Amino acid sequence: MEAYRTWVRRNKDYVHSLESLANGMTWLLPERFSASEIGPEAVTAILGIITAINEHIIDTTPTQMQAGYVEPHSFPYSLCISAMKDLETLVEVAAEHYYGDKKWNFIAITEAIKVCVRLALFRNSGYKMLLHGGETPNIEKDVDFSSEHAPGGSSKPGIHHGPGHSQFMNGQNTWNLEGRALSALSRFGERARTVYDPVWSSRVQHQRAIIEPPSPIDERKTLSAILSEKGFDGALFVMGEVLFITRPLIYVLFIRRYGIRSWIPWFISLAVDFAGIGFLTKITKANHVEKGQHFHLTVSEKDELKRRKLLWALYLMRDPFFSKYTRQRLESTEKLLEPVPLFGLLTGKIVELIIGAQTRYTYMSGS
């Protein structure tokens, strides 16, 4: 097993290319989106799990662990979530094949397990925002430089210093400028040599991992600490994340109760999504910035908010909206482009894949 880990870490680019090719070829497997789809979905699930394992191996290299980029957990939450997302379509297809409409019981169980794992990850990570549903570790730190770069060079307002302190600060600033210049030149030289000498690059990385002390890992915050520190905004943040985590399970339970053709699950799921994003947006608005009460989101967390908003487009692909509106648009576009050589054939194949994928809950669940 250790030999396989070493090989994956040394050939990660080749592994990524091979995985992308294999996952793309699965869409061309025979009997895809047919009644006997268990075989193709089993192949897809196996490839997905292998991909998740390889990504976990690459993301947990010894160098990254020592440098503090990866925070070790006693349980590999991200790997578990990725594996379950790869298996859920196979569970849906097998349950539909053997149990028909009772497949929603099995899908609900799968979503419940995912909710439990994500809630455990949310708690274990110190109540940080989940990135890509927990598949990507949230390890980026948000640094506030407002106090360090405040006018006058003082981090504490209201404190006045004498002329001696001013001369000392001027000398210190000059030294900082020289230090920054030397540091920038050093980094430039290292990057230039890295391009032309990969052996030297790996040697430098190994030396840094040994010499440099591990970065301090932030202490995990508890729920009571967040509520006491952020107050009502902290409660809104936790509620928004909990709604995002539990929304797929709520959606499936209402589908199980009212059926996939009912508008009730569709509207309730949309309302939960709006509420969750609304809570997170409220605590990051400009008026909270002026009061100094907002959450400082990292770049990854801001991208995650954008990704969650983009997932709303999946409501166009979910029944009953798809059956009543979207499918008619797709079929009319297919008929319009059908006489066009090549484009008509490609459009027909794309529409066929979209309609086939829409029949699977797990492809359109956004969970």
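**Rings, helices and odd torsions**

Me: The charged end of Arg257 sits over a ring; which residue owns that ring?
Reply: This is a predicted model, and in it the charged end of Arg257 lies 5.0 Å from the ring centre. That is inside the 6 Å allowed for a charge over a ring. The ring belongs to Tyr258.

Me: And how far is Arg318 from the ring centre of Tyr315?
Reply: Tyr315 is one of the residues that ring pairs link into a cluster, along with Trp263, Trp266, Phe267, Phe321 and Tyr325. Arg318 lies over the face of Tyr315, and its distance from the ring centre is 4.3 Å.

Me: How many aromatic pairs turn up in the whole structure?
Reply: Two rings pair if their centres lie within 6.5 Å. Searching the whole structure on that basis gives a total of 13.

Me: Take Trp104 and Tyr361: is their pair stacked or edge-to-face?
Reply: The centres are 5.7 Å apart, with 80 degrees between the planes. The pair links Trp104 in helix H6 to Tyr361 in helix H16, 257 residues apart, and both residues are buried. Angles over 60 degrees get one particular label, so this pair is edge-to-face.

Me: What kind of pair do Trp263 and Phe267 make?
Reply: These two sit in helix H11, four residues apart, or about one turn of the helix. Their ring centres are 5.6 Å apart and the planes differ by 35 degrees. Stacked needs under 30 degrees and edge-to-face needs over 60, so the pair is tilted.

Me: Is Phe267 buried or partly exposed?
Reply: Its relative accessible area is 46%, and for its partner Trp263 the figure is 28%. The in-between class runs from 20% to 50%, so Phe267 counts as partly exposed.

Me: Over in helix H5, is Glu88 buried or exposed?
Reply: Glu88 belongs to helix H5, residues 77–99. Beyond its sequence neighbours within four places, Glu88 touches Thr110, Glu111, Lys114, Thr362 and Ser367. Its relative accessible area is 6%, and buried means under 20%, so Glu88 is buried.

Me: How far apart are the C-alpha atoms of Leu87 and Thr44?
Reply: Leu87 is in helix H5 too, and it is partly exposed at 35% relative accessible area. Leaving out neighbours within four places, Leu87 contacts Ala45 and Ile49. Leu87 and Thr44 are 43 residues apart along the chain, yet their C-alpha separation is 8.8 Å.

Me: Which orientation class do helices H9 and H10 fall into?
Reply: The two pack at about 135 degrees, with axes 5 Å apart. The contact involves Leu223, Ile226, Leu227 and Lys230 of H9, with Phe232, Asp233, Gly234, Ala235 and Val238 of H10, and divides into six nonpolar, one polar and two charged residues. An angle over 145 degrees would count as roughly antiparallel, and 65 to 115 as roughly perpendicular, so H9 and H10 are oblique.

Me: Which residue does a cis peptide bond join to Asp319?
Reply: Most peptide bonds are trans. Here omega is about 5 degrees. The partner lies in the loop between helices H13 and H14, and it is Pro320.

Me: What is the phi of Leu342?
Reply: Most residues other than glycine have a negative phi. His132 goes the other way at about 55 degrees, in the loop between H6 and H7. Leu342, in the loop between H14 and H15, is exposed at 60% relative accessible area. Its phi is positive as well, near 65 degrees.

Technical notes: Residues are numbered from 1 along each chain as its sequence is written. This is a predicted model: local features need pLDDT of at least 70, side-chain atom pairs count only at pLDDT 80 or more; totals for chains, interfaces and linings use all residues. Side-chain values use heavy atoms; hydrogens and water are left out. Buried means under 20% relative accessible area, exposed over 50%, partly exposed in between (1.4 Å probe, protein chains only). Contact means heavy atoms within 4.5 Å. Rings of Phe, Tyr and Trp (its six-membered ring) pair if their centres lie within 6.5 Å; planes under 30 degrees apart count as stacked, over 60 as edge-to-face and the rest as tilted. A charge sits over a ring if NZ of Lys or CZ of Arg is within 6 Å of the ring centre and within 35 degrees of the ring normal. Axes are lines fitted to C-alpha atoms, for helices over the stretch in contact, and angles run from 0 to 180 degrees between N-to-C directions. Angles under 35 degrees count as roughly parallel, over 145 as roughly antiparallel, 65 to 115 as roughly perpendicular and the rest as oblique. Ala, Val, Leu, Ile, Met, Phe, Trp, Tyr, Cys and Pro count as nonpolar, Asp, Glu, Lys and Arg as charged, and the others, Gly among them, as polar.
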